[in-house]
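Biologist: I am new to this model and would like a close look at one part of it, with the packing around it explained step by step. Please define each term when you first use it.

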Amino acid sequence: RRADRSIIWISAVVVFGAMSVIYLVYMFGAGGSKHLRQVSRRTHLLGPEWHIEPGGPSRADGQMDDLPDLVLPLAAHFQGSNLIQICLPCCCLALMASSIWTVIIPACDVRIRAVGGIVDTQKLVADDSLLVYSFPEMIHDFWQSKAYLISVLLALGAVALPQLKGCLWFCIWTMPMTMQQRAKLLILNDMLSRAIFINACFLCVLIPTLHVQFSMSGLDFEVVAEPAIGVISGALTVLLYTVHSQVTLLLHGVAMRKAPHTSTASTDSQISRGVSVLGLTLSLVVTLCLWGACSYDVISFTFHGIIGFLEATPLSRTSPTSYVQMLDLPSRIWSFTDMKTAALLIMFIFIVVAIVGPAACCIAWFCSWGHSVVTGRNPRASRFCVVRLAADLSTFLFAWSGLDVLWAAVWSATLEMDLVTQWLVRAKTGDLCNVIQDRLSEECVQVEGAALSGSWCLLFGGFASVVLFLLTIRAFGYSTLGREAAIASCTI
């Protein structure tokens with residue numbers, strides 16, 4: 001099942017070529033000129049005293065008080081910027097094409113290595129590929145093994161959500177809508193960005209779990225799940241998708257400040273003490289859950305059967321029980337794979353989504369809700385620059401916080417890793433495992449997963465962070481950064 005390299009590059013040419021054709025059709029057919037005509041028609045209906053500008057319609061006499069709320073696409077606010085009009089749709093289509101290409105090419109290579117010798121004990125004796133998986137093959141085999149939950153999560157993260165996010169972005173960019181409607185779609189867009197991290201989180205659990213080392217006859221054997229080029233492409237796509245989403249949110253803030261007579265919520269509004277105390281309490285809960293998830297073991301996997309017996313003997317250099325802790329995962333991923341580029345990207349995503357992003361959100365929420373408890377006012381109207389910055393950044397930082405996404409990956413692995421492992425072993429040994437089970441009444445391999453204290457911290461912390469994010473944008477507004485943008489982009 002090893003893919004020919006020529007097929008990889010041919011598929012890349014086909015996929016990105018098709019997206020290039022779609023992009024040209026968009027630009028010259030239904031692109032920016034169409035939005036300009038729509039805005040012009042709407043401005044013409046207002047009367048002869050109105051004229052079109054890149055930021056929206058305006059009056060020749062400068063009087064804007066009687067401007068009605070216009071329903072415009074986001075692209076219409078940037079008619080004067082060819083860079084934005086050309087680059088943003090092109091980037092979105094390139095990311096959609098990259099996600100499709102990621103599905104086609106190999107994503108994981110399960111390998112067995114033998115190292116040793118009389119003269120050179122570090123000599124590589126054998127390095128053989130047991131299974132080479134692309135994401136569709138992985139989903140197919142996992143589904144056949146009855147690991148339905150893992151299959152669904154992989155299908156969503158690799159296929160459905162990236163394309164859905166791209167389509168949603170084009171709706172936000174091209175469809176006429178009010179500022180309030182667009183801001184709500186931007187919330188959904190950020191949620192999809194976080195959900196796409198599920199595959200990287202699952203690989204963070206899979207790579208250490210499938211790592212087995214044992215010694216026999218002077219040779220050291222190692223079984224490892226190596227990430228392939230599909231993981232590199234997928235990781236880059238996920239990161240750039242999130243950055244693209246953040247840039248769109250910034251542009252929405254620019255459009256909101258340019259468009260006159262925008263219906264927004266004032267930052268001078270009072271925040272009730274009950275809501276402020278609830279927000280501060282949830283901030284404390286998320287912080288404690290993050291600390292617990294980093295301090296305690298998240299899950300454990302115990303190998304039984306023939307593999308478990310071998311790992312319990314002096315021949316093995318790994319214990320039959322493997323404990324997974326969040327702070328140990330990056331170093332284990334780095335040491336267990338030779339594909340250092342892929343390992344570096346997976347480590348970066350994991351550290352950002354599971355540690356840095358949630359910690360930054362906790363700091364921003366503590367500053368915002370602490371100020372609200374003390375003063376009873378919106379922190380975006382604070383006279384302290386640090387408080388205003390923390391309140392404005394909280395919207396953007398949450399897109400990089402994925403405690404709930406990591407818990408979903410951990411929970412699915414705990415429930416169904418045994419099914420996946422047995423399927424992989426039986427796929428290579430054929431009827432040998434059946435013979436062993438009939439003669440010895442013992443499975444070739446059986447993996448027992450257990451959710452430990454750290455996983456429950458992930459669950460409660462992830463749920464509390466989602467609730468706190470929704471409460472924050474409800475109370476303070478959906479930030480678009482900047483002192484002039486301190487007024488909410490919508491009232492949710």
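Modeller: V247 sits in helix α8, where helices are DSSP runs of H or I with at least four residues and strands are DSSP runs of E with at least two, both numbered from the N terminus. Before going further, please keep in mind that this is a predicted model, in which local features need pLDDT of at least 70 and side-chain atom pairs count only at pLDDT 80 or more, while totals for chains, interfaces and linings use all residues. Residues are numbered from 1 along each chain as its sequence is written, and side-chain values use heavy atoms, with hydrogens and water left out.

With a relative accessible area of 33%, V247 counts as partly exposed; buried means under 20%, exposed means over 50%, and partly exposed lies in between, for a 1.4 Å probe and protein chains only. Although V247 and L88 are 159 residues apart in sequence, their C-alpha atoms are 9.0 Å apart in space. Helix α8 spans residues 229–258 and also holds V243, which is partly exposed at 40%. Its C-alpha lies 9.4 Å from that of A399, and V243 and A399 are separated by 156 residues in sequence.

Q246 belongs to α8 too, but at 11% relative accessibility Q246 counts as buried. Setting aside neighbours within four places in sequence, Q246 is in contact with D190, F396, A399 and W400, contact meaning heavy atoms within 4.5 Å. A399 and W400 appear again around F197, whose contacts, with neighbours within four places left aside, are V238, L239, T242, I349, V353, A399, W400 and V405.

F197 leads from α8 into the interior. A nonpolar core is a set of buried Ala, Val, Leu, Ile, Met, Phe, Trp, Tyr and Cys residues joined through side-chain atoms within 4.5 Å. The largest nonpolar core has 97 residues, and the members that touch the most others are F142, W173, F197, F202, M326, L406 and L458. Helix α14, residues 403–429, gives the most to this core, with 11 residues. A second, separate core has 16 residues, including I187, V286, C361 and C362.

I349, one of the contacts of F197, also takes part in a packed pair of helices. Two packed helices are described by the angle between their axes and the distance between the axes. Here axes are lines fitted to C-alpha atoms, for helices over the stretch in contact, and angles run from 0 to 180 degrees between N-to-C directions. Helix α7 (residues 198–209) and helix α12 (residues 340–375) pack at about 115 degrees, with their axes 9 Å apart. The two are therefore roughly perpendicular, given that angles under 35 degrees count as roughly parallel, over 145 as roughly antiparallel, 65 to 115 as roughly perpendicular and the rest as oblique. From α7, the residues A200, L203, C204 and I207 meet I346, I349 and F350 of α12. This contact of α7 with α12 divides into seven nonpolar, no polar and no charged residues, where Ala, Val, Leu, Ile, Met, Phe, Trp, Tyr, Cys and Pro count as nonpolar, Asp, Glu, Lys and Arg as charged, and the others, Gly among them, as polar.

Helix α12 has another partner in helix α13 (residues 385–397), and their axes come within 8 Å and cross at roughly 135 degrees, so α12 and α13 are oblique to each other. A360, C361, A364, W365, C367, S368 and H371 in α12 meet V387, A390, A391, S394 and L397 in α13, a contact with nine nonpolar, three polar and no charged residues. C361, on the α12 side of this contact, is one of the members of the second core.

V286, also named in that second core, points to one more pair. Helix α9 (residues 273–295) and helix α16 (residues 453–476) have axes that come within 8 Å and cross at roughly 150 degrees. That makes α9 roughly antiparallel to α16. Among the residues that meet here are V285, V286 and C289 from α9, and L458, F460 and G461 from α16. The residues of the contact of α9 with α16 divide into 15 nonpolar, six polar and no charged.

To place these details in the whole, the protein chain has 16 helices and nine strands, and buried residues make up 52% of its 492 residues.
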